[in-house]
Amino acid sequence: MKIVNDPVKAQKIIKELKLKRKSIGLVPTMGALHEGHLSLIRSSCKENDFTVVSIFVNPVQFGPKEDLNKYPRPIKNDLVLCKKAGVDLVFHPMAENIYPQGYKTWVTVDGLSKELCGKSRPVHFRGVTTVVAKLFNIIQPDAAYFGQKDAQQAVIIEKMTQDLNFLVKIQVMPTVRERDGLALSSRNIYLNKQERQDALVLQQVLDLAKSVIKSGERNTQKVIFLMRRFIEHKNSAKIDYIEIVDCNNLLPVKIISGKCLVALAVWIGKTRLIDNVIVTSNR
Ligand code: AMP
């Protein structure tokens, strides 16, 4: 397994692979790898000749008051996991490799980036799309793997790929959960024992939404009201948002019909967690 931090070196390796007509899969991550990341990595290894995992805690997608400095960076363990999973190249740049002095170019997907998480994290998606566009240019993958856990990110990346004519197939993989339902996240390690227990509320209210919709409720405000009431019973939980939106444009819907995304962000103590589910109704 190769480990490279210089984009120019990575591009050299990629050029040779392209000459040999090897297919390339890319899995962009911020490290602190868990089974969620590994599920994307395994899919890439299965579907491509060569798999690149990028590990980069991208500073520009963190707001000034967010957890950039304390974000976990267990790089040694990440490298062991990548090797075990059959990764061919880990691209692990430093911030200055990606944003050298004088860096000036940004990629923004209008509209979509302002919805859901964009309301409380105004610079987040600009940071994500900028770094992913750069990764697409450096690695030139045939396919790139993202998790449904970050549903809004997946929609935005798909739009960027289409709008900028990247020849990359975007693969969105299902959310991997703990046995008790909590979606795996690198941020779960911030939770103490009580908060870890309280964090189950995210999955529980998504299940609640699914079941009330299944039993015929179509009014999104009513579903959201029930979800809010459930969460407000947990002392350590504070709702950032709960929304039911159109899967494509991420705009709120009043009446559930067809496929909708139920998405939420909840603070558990000082940790902000997100989760979502897609619901379908036929009438
Ligand atoms: P991150 O390192 O948090 O930026 O995540 C890197 C990629 O892994 C993103 O595409 C995430 O959506 C995906 N991912 C994170 N957690 C999970 C999970 N529990 N299940 C599936 N994919 C995930």
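What follows is a short tutorial dialogue on reading a predicted model.

Me: Let's start with the overall layout. Into which domains is the protein divided?

Reply: The model is predicted, and the assignment gives domain 1 (2–173) and domain 2 (186–277). Their C-alpha centres lie 26 Å apart. The contact draws 22 residues from domain 1 and 18 residues from domain 2.

Me: How should I read the interface, and how much area do domain 1 and domain 2 bury between them?

Reply: Look at the area first, then at the kinds of contact. Here domain 1 and domain 2 bury about 1700 Å² between them, with 55% of it on carbon and sulfur atoms. The polar side of the interface comprises 10 residue pairs in polar contact, both partners at pLDDT 80 or more. On the domain 1 side, helix H5 (117–120) and helix H7 (151–163) each supply at least two residues that touch domain 2.

Me: How many salt bridges cross the interface of domain 1 and domain 2?

Reply: The rule finds two across that interface, while a search of the whole structure gives 10. Have a look at Arg 187 and Asp 67, whose closest N and O atoms are 2.8 Å apart. This pair links distant parts of the chain, 120 residues apart: Arg 187 sits in the loop between strand E6 (169–173) and H8, and Asp 67 in the loop between E3 and helix H3 (75–85). Both Arg 187 and Asp 67 are buried.

Me: And for a salt bridge elsewhere, are the partners Glu 35 and Arg 42 buried or partly exposed?

Reply: A residue counts as buried under 20% relative accessible area and as exposed over 50%, with partly exposed in between. Glu 35 has 38% relative accessibility, so it is partly exposed. Arg 42, at 42%, is therefore partly exposed too. Their side chains meet at 3.2 Å, N to O.

Arg 196 and Asp 180 form another salt bridge, at 2.9 Å. Arg 196 lies in helix H8 and Asp 180 in the loop between E6 and H8, so this pair ties together parts 16 residues apart in sequence. Arg 196 is partly exposed at 23%, and Asp 180 is partly exposed at 38%. Shared partners also join Glu 115, Lys 119 and Glu 243 into one salt-bridge network.

Me: Now a helix. Why does the distance between the end C-alpha atoms of helix H9 agree with what it should span?

Reply: Compare the expected span with the model. At 1.5 Å a residue, the 15 residues of H9 (residues 200–214) should span 21 Å, and the end C-alpha atoms are 21 Å apart, so the two agree. Next, see which residues face inward: the buried ones include Leu 202, Val 205, Leu 206, Ala 209 and Ile 213. The buried residues of H9 pack against helix H8 (193–198), helix H10 (220–231), strand E8 (258–268) and strand E9 (271–281). After H9 comes Gly 216, with a positive phi near 120°.

Me: Finally, how do I read a single residue, and where is Thr 51 found?

Reply: Take its element, then its burial, then its neighbours. Thr 51 is in strand E3 (residues 50–55), and its relative accessibility is 0%, so it counts as buried. Its contacts include Gly 25, Ser 44, Cys 45 and Val 87. A polar atom of the Thr 51 side chain lies 3.3 Å from the backbone nitrogen of Cys 45.

Ser 281 in strand E9 makes a good second exercise. Ser 281 is buried, at 5%, and its side chain reaches the backbone oxygen of Ile 256 at 3.4 Å.

Terms used. Residues numbered from 1 in each chain as written. Predicted model: local features only at pLDDT ≥ 70, side-chain atom pairs only at ≥ 80, totals over all residues. Heavy atoms only, no water. Helix = DSSP H or I, 4+ residues; strand = E, 2+ residues; numbered from the N terminus. Expected span 1.5 Å × (residues − 1). Buried < 20%, exposed > 50% of the residue type's maximum accessible area, 1.4 Å probe, protein only. Contact = heavy atoms within 4.5 Å. Domains from an automatic or database assignment. Buried area = accessible area lost by both parts, 1.4 Å probe. Salt bridge = Lys/Arg side-chain N within 4 Å of Asp/Glu carboxyl O. Polar contact = N/O pair within 3.5 Å; in protein donor to acceptor, adjacent residues only side chain to side chain. Lists of a residue's contacts leave out its neighbours within four places in sequence.
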